[in-house]
Amino acid sequence: MITLSLMHYLAVSLVLFLIGICGIFLNRKNIILMLMSIEVMLLAINFSLIVFSVYLDDVMGQLFSLLVLTVAAAESAIGLAILVIYYRIRGTISIDQINLIRG
Amino acid sequence: MYLLIVFLPLLSALTVLSFGRYLGREGSVLLTVSSLFITAAMSTTAFYEVALCGSVCHIKLAPWITSELLEISWGFLFDSLTAVMLVVVTYVSALVHLYSVSYMEEDPHLPRFMSYLSLFTFFMLMLVTGDNFLQLFLGWEGVGLASYLLINFWYSRIQANKSAIKAMVMNRIGDFGLALGLMAIFAVFKSIDYSTVFATAPFFSNENFLFCNLELDQLTVICLLLFVGAVGKSAQLGLHTWLPDAMEGPTPVSALIHAATMVTAGVFMICRCSPLFEYAPDALFVITLVGASTAFFAATVGVVQNDLKRVIAYSTCSQLGYMVFSCGLSSYSVSMFHLMNHAFFKALLFLSAGSVIHAMGDEQDMRRMGGLLNLLPFTYTMMLIGSLSLVGFPFLTGFYSKDVILELAYGKYTVSGTFAHWLGSLSVFFTSFYSFRLIYLTFINKTNSHKSLIEGAHDAPIIMAIPLMILAVGSIFVGYVTKDLMIGLGTTFWSHSLFVLPVNMTSVESEFLDASIKCIPLFFSGMGATVAFILCYANRRLNFRLTSNPVGRGIYTFLNKRWLVDAVYNVYGAAPLMRFGYSTSFRLLDTGFIQMFGPRGLSTLLLELSSLASRFQSGYVYHYAFIMVCGATILVGFINLWPFTSLYLSNKLYFIYVLLALMCASLVNPSVEENK
């Protein structure tokens, strides 16, 4: 039986985070996928916060994680709201066509 | 009175220059001519007091420059040397002023002309009376300026403008040497007052100093640099090309500036600095060679010139060569004597030539003259007196100075002396030839000019005749009258103004030469006259045959084109310099490199860089995200590698980083270059 050490947990968290990042900049089609990637990144951070909280035997990490959950919920709510408004104006949510403000 | 001699011409020049419009033609003419005659009278008095009675007058007027060791004051020194120059300058100038009144009668800008003439006289007087080198330099540059103004007096003629610029530039080359010489004098003597420099000259002989990283004899370097100045001003071989071209000015200008006064400034300066030159034998050697070569060169060129004034201009050049090599043989007094005599007969020749030109309706080509003997008997007489004096006809003025110069050269018994003697004697032959050629072509031969010109020909009006007569009297008698005074054995006339080392004194040897040697110049000039008689009058077919075969034509062209010196200067000197000025310094450097690395290149580079930077803002969210992640990674990496990166973070290096970045960007981005 493999004993799970701190490194394993952190590795999972890091991989999850990197998947979120890759999802942001490899994804060229759908803006909803982007929001989901941000959620994934926030989950990865939450995960590592909880892992460290258990490892260090400190409740503060779990407190932060609860806070991040609320912030993430609020953020995705606002993000989806912006998305809906954007869709109403442009009629599309393809990221390829969102480049009106180039330099 | 002594100060008035110098400043009266300045006053009249400035008055006429400022108020000529209100004075009118008569008023300005009256003012300038009368002030010049008063100056001449006063300088005669000065000559009597200073030179004859031996009371040297030294006036310290006011301080000029005071800066630590350098102390220069406005000072005027009247000794024998200055007195002789004063008499020459003021007399010739006064007579030329008077002559111009009639000669320039129909010119609309007569007041300006008279004012420039007076201004020139002032600068020349400033040059000869100064008691320090800076004042000499002031006069030196001033006469150059006045000569520029006078040569292109008819400023609407392009040729006059070009000649004036040429005169100015050629003179300026010499002036640069003179200025270097003055600086060297100050560096060595720590003073540029004549009295200090000349008194201490023996103590600095045979000592070296560094010049252009070479260890050279001090006095030799100083004297050679001063001589470069004299070469420019006195039209010696090398910088002589401006003098014949300066004939573009009105004839009185040629008489005043390019015959009697300005060109003698170089000889005067060498004589003035005789205490320096005496301790620099190498410089004297160079002076002798250059002077003798000039005498020979100009005499041969004068032989085939067809322009009346150019012939006389080359004769001036040749006679200046005599004066200079006489200085090189340490006979400064003889040189000054010849200078004085030459001023009289050369002014006479030029003014007579002016009279001829005036009579022929401004025709200057001798080939289109002839037969003026019966039409202009007075002018012919004057011209003949001048020419005979110039060729050294016995008992005329030129005889007394020119023959002595040649005898001195023979009596020197050195390489340079013998060289100078032979070239000088040959020049006598050519001088005689071209003088008589001029007489024959202009006066005696059958005429070649138009009937209308012959009809209108008239002898000089009385105002032009008076100066000619006075100068003719001078050309006949001055040499005889002042011979014993100025170059007699043991004369005390020059007192302390000229200095000759006893070793270099050869007047006794030259006095007791063989009679056969003494007759050489006379023989040569007689031969020249005979050849001129044969070629230009008696047997002109022979003349034609001589110049029509290939060899003869080659020689003729070579001499007529002034030994091709001007062509060589233009092709190998002027043209490359002009090309350098345009293509290298202007096109390559100013609008090329400096623009590219300076304002224009930098601004273009910044524009390119900023457009490059703004192209990063593509508008695509995933690009932004990628850059954000990259930036975050770099920042984290930078902070984590802090012990290593901190080594490279000295703020002295930021500037170099910026430059490197710019250079890399310009290398990466070739479009920056294309925009040039």
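These numbered points describe a predicted model, taking the record's annotations, the contact between the two chains, and the two domains of chain B in turn.

1. Annotated spans of chain A. The unreviewed UniProt entry places the feature "transmembrane region" at residues 6-26, 33-56 and 62-87 of chain A. In the model, residues 6-26 of chain A are 100% helix and 0% strand, and the C-alpha atoms at the two ends lie 30 Å apart. Residues 33-56 of chain A are also 100% helix and 0% strand, with end C-alpha atoms 34 Å apart.

2. Annotated spans of chain B. An unreviewed UniProt entry gives residues 64-114 of chain B as "domain: NADH-Ubiquinone oxidoreductase (complex I) chain 5 N-terminal". That span, residues 64-114, is 57% helix and 25% strand, and its end C-alpha atoms are 30 Å apart. The name "domain: NADH dehydrogenase subunit 5 C-terminal" is placed by UniProt, again in an unreviewed entry, at residues 434-636 of chain B. Residues 434-636 of chain B are 77% helix and 0% strand, and 97 Å separates the C-alpha atoms at the ends.

3. How the chains meet. What does each chain bring to the contact? Chain A contributes 13 residues and chain B contributes 11 residues. Together, chain A and chain B bury about 1,000 Å², and carbon and sulfur atoms give 69% of that area. Between chain A and chain B there are 0 salt bridges. The count of residue pairs in polar contact between chain A and chain B, taken with both residues at pLDDT 80 or more, is 0.

4. The chain A side of that contact. Helix 1 (residues 6-26) of chain A gives the most to the side that touches chain B, with 3 residues. By class, the side of chain A that touches chain B has 7 nonpolar, 3 polar and 3 charged residues.

5. Two domains in chain B. The domain assignment divides chain B into domain 1 (1-203 + 236-269) and domain 2 (280-538). The C-alpha centres of domain 1 and domain 2 of chain B are 23 Å apart. Their contact takes 37 residues from domain 1 of chain B and 44 residues from domain 2 of chain B.

6. Area between the domains. Domain 1 and domain 2 of chain B bury about 3,600 Å² between them, with 78% given by carbon and sulfur atoms. Which three residues supply more than any others of the area that domain 1 buries against domain 2 of chain B? They are B:Y99, B:Q236 and B:V267, which supply 19% of that area.

7. Polar links between the domains. Across the interface of domain 1 and domain 2 of chain B there is 1 salt bridge. B:R310 forms a salt bridge with B:D245, where the closest N and O atoms are 3.4 Å apart. The interface of domain 1 and domain 2 of chain B also has 9 residue pairs in polar contact, counted with both residues at pLDDT 80 or more.

8. The domain 1 side. Elements giving two or more residues to the side of domain 1 that touches domain 2 of chain B are helix 1 (2-52), helix 2 (80-103), helix 8 (242-245), helix 9 (251-260) and helix 10 (264-272) of chain B. Helix 2 of chain B has the largest share of this side, 13 residues. The side of domain 1 that touches domain 2 of chain B divides by class into 26 nonpolar, 9 polar and 2 charged residues.

Note on methods
Residues are numbered from 1 along each chain as its sequence is written. Chains are lettered from A and ligands numbered from 1 in the order in which they are written. This is a predicted model: local features need pLDDT of at least 70, side-chain atom pairs count only at pLDDT 80 or more; totals for chains, interfaces and linings use all residues. Side-chain values use heavy atoms; hydrogens and water are left out. UniProt positions are given in the numbering used here, feature names are shortened, and annotations may be inferred rather than shown by experiment. Helices (H or I, at least four residues) and strands (E, at least two) are DSSP runs, numbered from the N terminus. Contact means heavy atoms within 4.5 Å. Buried area is the accessible area (1.4 Å probe) that two parts lose on being put together, summed over both. A salt bridge is a side-chain nitrogen of Lys or Arg within 4 Å of a carboxyl oxygen of Asp or Glu. A polar contact is a pair of N or O atoms within 3.5 Å; within protein, one must be able to donate a hydrogen and the other to accept it, and residues adjacent in sequence count only if both atoms are side-chain atoms. Ala, Val, Leu, Ile, Met, Phe, Trp, Tyr, Cys and Pro count as nonpolar, Asp, Glu, Lys and Arg as charged, and the others, Gly among them, as polar. Domain bounds come from an automatic or database domain assignment.
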